[in-house]
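User: Please take a close look at the aromatic side chains, and follow their surroundings as far as the packing leads. I would like the cut-off behind each term stated as you go.

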Amino acid sequence: MQGKGAITFLAITLGLVCLFELSFSLVTYRVGNKAEAYARGADGVVDHVKETHYLDSMSSEVVYNIGVAKFTYKECKEKEINLGLDLKGGMNVMLEVSVSEIVASMANNSNDDVFRRTLQLAKESQTAASDDFVALFAKAFKQVAPNDKLNRIFGTYELRDKINANTSDDDVVAVLRAQTDAAVANSFNVLRSRIDRFGVTQPNLQRLGNTGRILVELPGVKEPERVRKLLQGTANLEFWETYENAELFRALTEANDKIRDHETANAPKADTAKLATAKSAEGVSKTDSAATDNVSDVLATLGQSADSTAAVQENEDFAKQNPLFATLQPMVDPQTGQPAPGARVGIAHYRDTSKIRRWLELTQIRTIFPRDVRFVWSIKSVDKGGNYYELVALKVNTRDGKAPLDGAAVVDANKGFSGTSAYADVSMSMNADGAKVWARLTADNIGKCVAIVLDDYVYSYPRVNQEIKGGNSSITGNFTTQEADDLANVLKSGKLPTPARIIQESVVGPSLGQASIDAGMTSVIIAFILVLIYMLFFYNRAGFVANIALLCNVFLLFGVLASMRAVLTLPGICGIVLTMGMAVDANVIIYERIKEELRAGKGLRLAISDGYKNAYSAIIDGNVTTLITGIMLFFFGSGPVQGFATTLVIGICTSMFSAIFISRLVFLALLKKNKNITFDNSVVRNFMKGVKVDWMGIRKYAYVITITLAVLGVGSLVVRGVSYGVDFAGGRAYVVKFDQKVQAEDVRAAMREHIEVEKGASVEVKTYGQAGSQLRITTDYKIKDQSQAMDSIVDRLMYESLKSFYANPVTFAEFNSTMFNPNGIIQSEKVGPTVADDIKRDAIVAIILALLAMFAYIAVRFNKWQWGFGAAVAQTHDAFFVLFLFSALSGVVPFTLDIDQNFIAALLTVIGYSINDTVIIFDRIRENITNHPKLDLKLNINNAINDCIVRTINTAGTTLITLLAMFLFGGEAIQGFTFALIFGIIVGTYSSTFIATATAYELFKRKERKAAALLAKA
């Protein structure tokens, strides 16, 4: 084996890297167990608030040491295997910033007839086109007014510096695109800042290209309704006067004393001691220091270095005497020991910000401070780790309590650079009214700070050096390029009021997520054991080598997932299980080749070497075609489907490495020790040996069967149609759990009474596991109404319809909370009609591109288009037959068979499996034709299929075993998905012989007949 040393080194290196990456998950699992133990009461019930408090307290503590490297709990959480929301519970939301509203705003909402008609035409084109809205608007404008100019509409006062009478249409479009991109970027930043302060662990935000859409994933949210309000609120930009730190320091000291008295009277001593003990177990060190409680002592103690401040904050005695200053570090000048100048009054760790806010809002504390003071946290952390934030004191001295100046006054804001400085600044211009207020505001606050506040978070608080007239200002502050861009976008947010609207939503409760984990892991373990047993039974000692490779494959797969920070979803677990079944295929191909070489009389060492060489072509071709499927799924799927594609693609790569290299290294080690390696046993030694089936001779009988079933399938599609899932049809879907058995028909009747008041609205109710106490309810009621209020209205209607079905009364809050609630809504999903159209379009594109890519690959790889065409016909056959099955059995079987994204994932997986099976046969046919060029094509094809029959049975058998385990033990959420895969594997195995190979054979025979006819004519 060439390069044995390099491959061994690579395998060991990969193993160590994967072990390192997976170790973080083990550490966080251990800390999580300690948090659960801390929060578990005497009755055995876990208090999730206490558990969260414990984990927050551990966030910045070092919990993992590797040599000189030290990792905090927060850093370990960032490196652990990331579970999808369907496994750990949470909320997945897709928001859309209305680009059409931004464009209208830039035209000052003009009532110009050409503009209004253009805007409407662009909106109508948006549903069927993939271009961004600005491009569609430009095309529509050319259709509506081919001789008009865009500068006539967008040459507004606000855009006078960018658009004038001489600006071309292309330049206007560039300005529109830049402005809309900035508005969407600002919305993204606003959402990110809101979520960062919401207290969600490991949130995920993504901008989806140029669509104006933003994907938000929030694990473990407790209040979906609060999240909806938080995400859909309009950005609120304000400019405020501020208090100086020195003006409030004595009041802060007095507040510290009163908070100490308040905490002493209300502190749960047992819990405090328990937390201290638990944290000590994690290695949190404590130091001794004298307590201080007067202003001069506090200043003397805190006016030191950052290291002494940290020591003070860790001191238990100091924390008892000074609860406020133990969490909020006062701002002290280290040179003078006096309160530092500026508007910030302290710095605190993010885990303490809510506690400090609660303290400062206590009635007895509010009376200490001036009546017009308001404390607001900064949006930017003061440290690189993102742990510490500033507390800024605003001066609310207006009669109505509103800011003296808001974002509506800002006309434009841009990043710039001053001289040779590496830091950026931000220039800002205001309209005439804003310029007057700004001049007065700056004149009254020379030498003080003016805070720029967005959504109650301070983005900047520049110091005023002089009165600023004319409305043009420059804000300096050692900004990085990214920070300057963000601040400029924040300042422009008032000019373009573009609230994001939820167009797709999915909520999964933790109980359902844990059930999915349990079911998924059960199916993985059972499938894994069954495959190990199967390989040992069929291939004896060689099966043991295959099992070692399979174990390495799973280990590498999880390690790569962890290192890539990929999200593991429930369909992703399906991908892992399917990968295990398909990983065996490479070993089966190799082993069957080795057995052929042994039967030819070669020695064991040479047979193994030649067996691997002869198997490479088939293994690579088969896996490349399946890889094409995974790539199509990743780029055109979304959410869970992408999770499935990720594990499938990674699994294909790791399984090839394990089967080709790791198993080979094990064989070499065994041969070096002169171990006897057997590839069969007495039971299977003669299995399918010497089989001689005339496959091409019986192909016409297969044609009859195929055509008959196709006619029945088309009839089912015409008569019964298919059941579209919410993500294809649009609508709302809920999984509701009851505390007793309920009848779906009774629930359907109640739902229709409350919801089906609008013409055309529909309600569908199906049993969803849990022996009749759990239902899946789907409705398209008011789905086109994207207002925030409509979601609340539908949730209330759901409650009013279903509350009578509970044996024990349930409140609306309990019913509507997915978190820590045994009954009520445990999962919900909402998909707007535009998103549904996009999902359907992407699904169709993915299938067509997958078929074309595979056709092209096989046609090129096998040098004849007939092979590619035969494979494409077989893949189309497989796709339609799975669709026929879903149509025929929807509503008949006791699980959901909806046409949705999971169905498309199953369909593409079936296509990938089928093409893999087809390529193996084609590869053997090509080899036979090369070795026996004078033999009749029919004989070469029949011999090839007969040679591959054992491999076909073993691969299909192991894959079906894993899928059956998933179907029986994986839970109701993936039953439809796995059912499609099981049927697809059977159909795909059939089509490889009787559709793909037979079609190619017919084309070659037709070509021969044409050639013979031309020869006869000649």
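Analyst: Arginine 796 places its charged end over the ring of phenylalanine 812, at 3.9 Å from the ring centre, where a charge sits over a ring if NZ of Lys or CZ of Arg is within 6 Å of the ring centre and within 35 degrees of the ring normal. This is a predicted model, in which local features need pLDDT of at least 70 and side-chain atom pairs count only at pLDDT 80 or more, while totals for chains, interfaces and linings use all residues. Residues are numbered from 1 along each chain as its sequence is written, and side-chain values use heavy atoms, with hydrogens and water left out. A further charge over a ring is that of lysine 395, which lies over the face of tyrosine 243 at 4.7 Å from the ring centre.

Turning to rings that meet other rings, a search of the whole structure gives 35 aromatic pairs; rings of Phe, Tyr and Trp (its six-membered ring) pair if their centres lie within 6.5 Å, and planes under 30 degrees apart count as stacked, over 60 as edge-to-face and the rest as tilted. The pair of phenylalanine 738 and phenylalanine 805 is edge-to-face, because the ring centres are 6.3 Å apart and the planes stand at 70°. Since phenylalanine 738 lies in the loop between strand S20 (731–737) and helix H27 (744–755), and phenylalanine 805 in the loop between helix H28 (788–802) and helix H29 (812–816), this pair ties together parts that are 67 residues apart in sequence; helices (H or I, at least four residues) and strands (E, at least two) are DSSP runs, numbered from the N terminus. Both phenylalanine 738 and phenylalanine 805 are buried, where buried means under 20% relative accessible area, exposed over 50%, and partly exposed in between (1.4 Å probe, protein chains only).

The pair of phenylalanine 880 and phenylalanine 884 is tilted, because its ring centres are 6.2 Å apart and its planes are at 35°. These two residues are four places apart in helix H31 (residues 865–889), so about one helical turn separates them. An α-helix has 3.6 residues a turn, so residues three or four places apart point the same way. In accessibility, phenylalanine 880 counts as partly exposed because its relative value is 43%, whereas phenylalanine 884, at 10%, counts as buried.

Elsewhere the rings gather into a group: Tyr534, Phe538, Tyr539, Tyr591, Tyr612, Phe667 and Phe679 form one aromatic cluster. Tyr591 and Phe667 are also the residues with the most contacts inside the largest nonpolar core, which has 121 residues; such a core is a set of buried Ala, Val, Leu, Ile, Met, Phe, Trp, Tyr and Cys residues joined through side-chain atoms within 4.5 Å. Helix H21 (residues 510–563) gives the most to this core, with 16 residues. If residues up to four places away in sequence are not counted, tyrosine 591 touches Met535, Tyr539, Ala542, Gly543, Val545, Ala546, Phe667 and Phe679, contact meaning heavy atoms within 4.5 Å. Apart from this core lies another of 54 residues, including Val190, Phe325, Ala409 and Ala484.

Some backbone details belong to the segments around the cluster. Asparagine 540, which lies in helix H21, has a positive phi of about 55° although it is not a glycine, and with a relative accessible area of 27% it is partly exposed. Asparagine 674, likewise not a glycine, has a positive phi of about 60°; this residue is found in the loop between helix H24 (640–672) and helix H25 (699–719), and at 69% relative accessible area asparagine 674 is exposed. Helix H23 (residues 604–636) has 33 residues and, at 1.5 Å a residue, should span 48 Å, which agrees with the 47 Å between its end C-alpha atoms; the expected span is 1.5 Å times one less than the number of residues. H23 nevertheless bends by about 40° at alanine 615, the bend being the angle between axes fitted to the seven residues ending there and the seven starting there.

For the chain as a whole, the secondary structure comes to 34 helices and 23 strands, and 54% of the 1018 residues count as buried. Among contacts with a separation of 6 or more, 75% join residues 24 or more positions apart.
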